[in-house]
Structures are given as structure tokens and as C-alpha cells.
Amino acid sequence: MSENPFVQVVSDQTFEENVLRRSDDVPVLVDFWADWCNPCKMLMPILDRLASEYAGKFVLAKVDTDQERELASAYGIRSLPTVKVFRHGKPVDEFMGALPEASIREIIERHVDRPADQVIATAKTHLADGNPEAAVKLLTEALVTDPTYLQLRLCLAQAQIAAGDAAGAADTLATLPANEAVLAEVKQIRAQAEIAASNQGGLSVDALRAEVEENPEDWEARLQLGQALLTRDEQIDEGLSLLVDTVGRARGQSAGEQARQIAIQAFDSLGQSDPRVSKYRRELAKALN
């Protein structure tokens with residue numbers, strides 16, 4: 001089918017080695033196709049050409065679905081062509097149909113290694129060491145040479161939040177294209193920036209807690225305390241509990257609605273896989289009913 005060294009024909013017997021294990025090293029694009037499928041034939045030369053151009057930064061694996069029906073079924077192939085991107089043994093992206101080359105290139109760019117990846121790794125080490133300022137400096141310089149790399153912007157925004165510059169983090173994410181702005185990971189970090197910004201320049205947690213204890217219906221203090229607690233990893237549970245309690249106590253009032261909105265914002269900042277999200281979503285539903 002192809003003499004391209006970066007293109008392989010894979011079967012059920014070779015899939016684990018040539019796709020799943022290989023994807024630990026580089027992204028593997030798996031093209032599920034069939035000989036009778038005209039769009040598949042339109043797509044093939046584009047994928048082959050890109051595989052040659054990227055010269056090993058990704059591998060293209062072709063699966064003939066007429067010959068490998070069980071493999072196609074295992075990955076839920078219902079339309080041809082379907083191309084799935086595998087990384088570290090799992091499908092992480094996909095597209096269907098004969099997309100234009102520019103669109104395919106955009107998908108590939110989301111997964112191939114880039115020079116900025118090493119910068120990101122170094123910046124994360126700075127963050128783990130408690131030096132967000134160094135991470136911000138490094139990432140800001142890298143962004144000049146690779147301004148469209150989403151992961152670079154996300155890491156910079158996280159570093160800016162850690163450095164106390166929530167407004168800067170919001171600015172970093174403000175110019176993302178529409179197709180990236182709606183991604184869950186972008187929404188998560190943007191919500192983190194908004195929560196951090198809402199607490200900048202406010203009273204200390206201890207002072208706010210004292211105000212709430214003295215007057216449990218001081219809604220403004222409750223909202224400020226909830227937001228402040230959300231910025232501290234070890235106190236997020238307390239913050240969510242306080243906000244949900246405020247929703248119930250202040251039902252029908254603007255403070256109750258504000259508390260609900262802040263809680264939802266917190267859910268976005270944590271990400272849907274965080275077990276606290278499902279827990280407090282249930283609590284929030286109870287408070288609203």
C-alpha cells in the first residue's frame with residue numbers, strides 16, 4: 001500500500017505492538033478504512049504526505065476494516081474513514097471523513113512533540129519547587145516563538161495564577177481561537193483565574209470566618225469567604241460546603257444566586273473528573289429544591 005517508512009499496515013495481531021506500545025513514544029494516527037470507500041482513498045495520500053513531512057514525529061497505522069472487523073468493532077468504528085489518535089496506549093483524539101489538509105494538520109499539531117514541551121517541563125519543575133515567577137518568565141519567553149501552542153498558554157496561565165497574577169492569566173487565555181476556548185481544560189484554568197481574581201485584595205480567611213461566625217447571615221462575608229477558601233487546595237471542600245449552604249439559606253435572594261454561580265465556577269475549575277464535583281453537585285441540587 002505504501003513504501004513510506006512512517007506508515008504501517010496493522011492487524012489485530014500487531015495492533016498492540018505497533019499502535020498501543022508505539023504510542024508511548026510518539027502519537028500514532030490509526031486510519032480505519034476500506035477499499036470500497038471513496039473518501040478513504042481521498043484521505044490516504046494526504047495522510048501519507050503528512051507522515052513523510054513530519055518524518056517520525058507521528059506514525060500512521062492503517063487498518064483495513066473489511067479484514068479487521070473485530071478491531072474496528074472494538075473501537076466503535078461506525079463511519080469511514082475514521083482516524084483515531086493514540087497516545088500512551090489510549091485514543092485521545094479523532095476525526096471522521098476526508099477533512100482538508102489544514103484541519104488534519106491542526107489535529108496532528110495538538111499531539112506531536114514541540115520544542116516548547118521541554119520548556120513546559122522545566123516550568124512545571126519551577127512550580128513544584130514553589131518558584132512560579134521563574135516559570136512565568138520562562139514560559140513568557142517561549143510564547144514569543146510559539147504563540148499558537150495551546151499547552152504553552154495553559155501552563156503560563158497556571159503559573160501566573162500561582163504567582164498571584166490572575167489578571168495576567170485571564171489575558172493569556174483571552175486571545176485563544178474559538179475552537180480552543182471551549183475546551184474543558186481551558187474552561188478549567190479560566191475558572192481558576194476568575195476565582196483567584198475575585199479574592200485578590202480581600203480580607204484574610206480568618207477575618208472573614210470570624211465575621212461569618214458572628215453573623216451567619218452576612219451574605220457578603222459568606223461569599224468572600226467561600227471564594228477565598230476555593231483558592232486553597234486543602235480548604236476547597238470547606239469553601240464548596242459553605243457556598244452550597246449559602247444557596248440554601250439565601251434562597252430567593254441575590255446572594256443565593258451568587259453563591260450558586262460561584263459554586264458552578266468552582267466545579268469548572270476542578271474539572272468534571274474531580275470526585276468533589278459530583279458530591280457537591282448533588283448537595284447543590286438538594287439546596288435548590
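## Arg-114, a buried charge

Let's start with Arg-114. With a relative accessibility of 16%, Arg-114 counts as buried, because the cut-off for buried is anything under 20%. Keep in mind as you read that this is a predicted model.

What does Arg-114 form a salt bridge with? The partner is Asp-146, and the closest N and O atoms of the two are 2.6 Å apart. Arg-114 is in the loop between H4 and helix H5 (116-128), while Asp-146 is in the loop between helix H6 (132-145) and helix H7 (150-162), so this pair ties together parts that are 32 residues apart in sequence. Asp-146 is buried too, at a relative accessible area of 13%. Arg-114 has another contact to look for: its charged end sits over the ring of Tyr-149, 4.1 Å from the ring centre.

## Other salt bridges

How many salt bridges does the structure hold? There are 20. One of them brings together the side chains of Arg-105 and Glu-101, with 2.8 Å from N to O. Arg-105 and Glu-101 are four residues apart in helix H4 (residues 101-109), which means about one helical turn separates them. Arg-105 is partly exposed, with a relative accessible area of 25%, and Glu-101 is also partly exposed, at 25% relative accessibility. If you widen the view, you'll find Arg-49, Glu-53, Glu-101 and Arg-105 linked in a network of salt bridges.

Further along the chain, the side chains of Arg-222 and Asp-245 meet in a salt bridge of 3.2 Å, N to O. Arg-222 belongs to helix H12 (residues 219-230) and Asp-245 to helix H13 (residues 236-249), so the pair ties together parts 23 residues apart in sequence. Is Arg-222 buried or exposed? Arg-222 is buried, with just 3% as its relative accessible area. Asp-245, on the other hand, counts as partly exposed at 33% relative accessibility.

## A sheet of five strands

Now for the strands. Five of them form an open sheet, in the order S1-S3-S2-S4-S5, and the pairing is mixed. Which strands sit at the edges? They are strand S1 (7-9) and strand S5 (90-96), each of which pairs on one side only. On average, neighbouring strands of this sheet are turned by 25 degrees against each other, if you ignore direction.

Zoom in on S2 and S4. These two strands run antiparallel and are joined by five bridges. You can check the match-up yourself at Asp-31, which stands opposite Val-83 in S4.

## Rings that meet

The structure holds five aromatic pairs. In one of them, the ring centres of Phe-15 and Phe-86 are 5.7 Å apart and the ring planes are at 80 degrees, so this pair is edge-to-face. The pair links distant parts of the chain: Phe-15 is in helix H1 (residues 15-21) and Phe-86 is in strand S4 (residues 82-87), 71 residues apart. Phe-15 and Phe-86 are both buried.

Another pair is made by Phe-32 and Tyr-75. Their ring centres are 6.4 Å apart and their planes are at 40 degrees, so the pair is tilted. Here too, distant parts of the chain are linked, with Phe-32 in strand S2 (residues 28-33) and Tyr-75 in the loop between helix H3 (69-74) and S4, 43 residues apart. Phe-32 is buried, with a relative accessible area of 0%, whereas Tyr-75 counts as partly exposed at 23%. Put the two pairs together and you get a bigger picture: Phe-15, Phe-32, Tyr-75 and Phe-86 form one aromatic cluster.

## Cysteines

How many disulfides does the structure hold? There is one, and it joins Cys-37 to Cys-40, with 2.4 Å from S to S. The link of Cys-37 and Cys-40 is right-handed, with 85 degrees about the S-S bond.

Both ends of this link are tucked away: Cys-37 counts as buried at 4% relative accessibility, and Cys-40 counts as buried at 1%. Cys-155 is a cysteine to look up as well, and at 3% relative accessibility it counts as buried.

Conventions:
Residues numbered from 1 in each chain as written. Predicted model: local features only at pLDDT ≥ 70, side-chain atom pairs only at ≥ 80, totals over all residues. Heavy atoms only, no water. Disulfide = S-S within 2.5 Å. Buried < 20%, exposed > 50% of the residue type's maximum accessible area, 1.4 Å probe, protein only. Phe/Tyr/Trp six-rings, centres within 6.5 Å; stacked < 30°, edge-to-face > 60°. Lys NZ or Arg CZ within 6 Å of the ring centre and 35° of its normal. Pairing = 2+ DSSP bridges. Axes fitted to C-alpha atoms, helices over the stretch in contact; angles between N-to-C directions. Salt bridge = Lys/Arg side-chain N within 4 Å of Asp/Glu carboxyl O.
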